[in-house]
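Open the model in your viewer and keep the selection tool ready. The tour goes from stop to stop, with something to select at each one.

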Amino acid sequence: MLDLEPDRRDYENIYEYCSMCGKCVKNCPANAISLIYGKSHDACSDFLDKTAEKYKPRYGCGKCQINVPCESNIPMPCNSK
Ligand code: SF4
Ligand code: SF4
């Protein structure tokens with residue numbers, strides 16, 4: 001096993017490093033994320049309950065956290081690209 005030290009991200013609110021690019025919204029197979037309303041934990045967990053048997057022993061899909069600009073660094077603002 002490889003011991004990795006997590007990078008510390010100091011922030012005051014959860015949207016501080018979000019560029020509102022919408023990639024996590026597009027990635028979510030359950031349509032559980034909205035740029036306006038945030039994440040619906042009920043919609044997410046309903047989807048995870050339905051797929052739990054298929055992806056056992058893993059519980060969770062995590063598509064909102066992979067292949068997104070904020071996955072491993074602070075994303076650039078959308079209008080700076
Ligand atoms: S993918 Fe990351 S940066 Fe883009 S809207 Fe979602 S949380 Fe914000
Ligand atoms: S874990 Fe999967 S279902 Fe839940 S919000 Fe993320 S992408 Fe959507």
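Is Asn67 exposed or buried? Select Asn67 and show the surface: Asn67 is exposed, with a relative accessible area of 57%. Keep in mind that this is a predicted model.

**Stop 1: two backbone angles**

Stay on Asn67, which belongs to the segment after H2. Its phi is positive, about 55 degrees, although Asn67 is not a glycine. Most residues other than glycine have a negative phi, so a positive value is worth a look.

Now select Met20, in the segment before helix H1 (23-27). Met20 also has a positive phi, near 60 degrees, and is a residue other than glycine. How accessible is Met20? Its relative accessibility is 39%, and because exposed means over 50% and buried means under 20%, Met20 counts as partly exposed.

**Stop 2: ligand 1 and the largest pocket**

Select ligand 1, which sits in the largest pocket. Met20 appears again here, as one of the residues surrounding ligand 1. The others to display are Cys18, Ser19, Cys21, Gly22, Lys23, Cys24, Leu35, Val68, Pro69 and Cys70. Coloured by class, this shell shows eight nonpolar, two polar and one charged residues.

Next, show the pocket itself. The largest pocket holds about 830 Å³ of space. It is lined by 25 residues, and those closest to its centre are Ile14, Cys18, Cys24, Cys64 and Cys70. Which elements give two or more residues to this lining? They are strand E1 (33-34) and strand E2 (38-39). By class, the lining of the largest pocket has 15 nonpolar, six polar and four charged residues.

**Stop 3: ligand 2 and the second largest pocket**

Move to ligand 2, which takes up the space of the second largest pocket. Around ligand 2, display Cys28, Pro29, Ala30, Ile33, Lys39, Cys44, Phe47, Cys61, Gly62, Lys63 and Cys64. By class, this shell has eight nonpolar, one polar and two charged residues.

How much space lies in the second largest pocket? The volume is about 170 Å³. The second largest pocket has 15 lining residues, and Lys39, Cys44, Cys61, Gly62 and Cys64 lie nearest its centre. Select helix H2 (residues 41-51) as well: with three residues, helix H2 gives the largest share of this lining. The lining of the second largest pocket divides into ten nonpolar, three polar and two charged residues.

**Stop 4: a salt bridge and a cis bond**

Select Lys56 and Glu53 and show their side chains. The two side chains meet in a salt bridge, at 3.7 Å from N to O. Why can such side chains pair? Side chains of opposite charge can pair when their charged atoms come close. The structure holds one salt bridge. Both partners are exposed: Lys56 has a relative accessible area of 57%, and Glu53 has one of 60%.

Finally, keep Lys56 selected and add Pro57, in the segment after H2. What kind of peptide bond joins Lys56 and Pro57? The bond is cis, with omega about 5 degrees. Most peptide bonds are trans.

Key: Residues are numbered from 1 along each chain as its sequence is written. Chains are lettered from A and ligands numbered from 1 in the order in which they are written. This is a predicted model: local features need pLDDT of at least 70, side-chain atom pairs count only at pLDDT 80 or more; totals for chains, interfaces and linings use all residues. Side-chain values use heavy atoms; hydrogens and water are left out. A salt bridge is a side-chain nitrogen of Lys or Arg within 4 Å of a carboxyl oxygen of Asp or Glu. Buried means under 20% relative accessible area, exposed over 50%, partly exposed in between (1.4 Å probe, protein chains only). A residue is near a molecule or strand if one of its heavy atoms lies within 4 Å of it. On a 1 Å grid over the protein atoms alone, a cavity is a set of points where a 1.4 Å probe fits but cannot get out, and a pocket is an open set with protein on both sides within 12 Å along at least five of seven lines; lining residues have an atom within 4 Å of a point. A molecule sits in a cavity or pocket if more than half of its atoms lie within 2 Å of its grid points. Ala, Val, Leu, Ile, Met, Phe, Trp, Tyr, Cys and Pro count as nonpolar, Asp, Glu, Lys and Arg as charged, and the others, Gly among them, as polar. Grid points are joined across faces, edges and corners, and a volume is the space filled by probe spheres set on the points. Helices (H or I, at least four residues) and strands (E, at least two) are DSSP runs, numbered from the N terminus.
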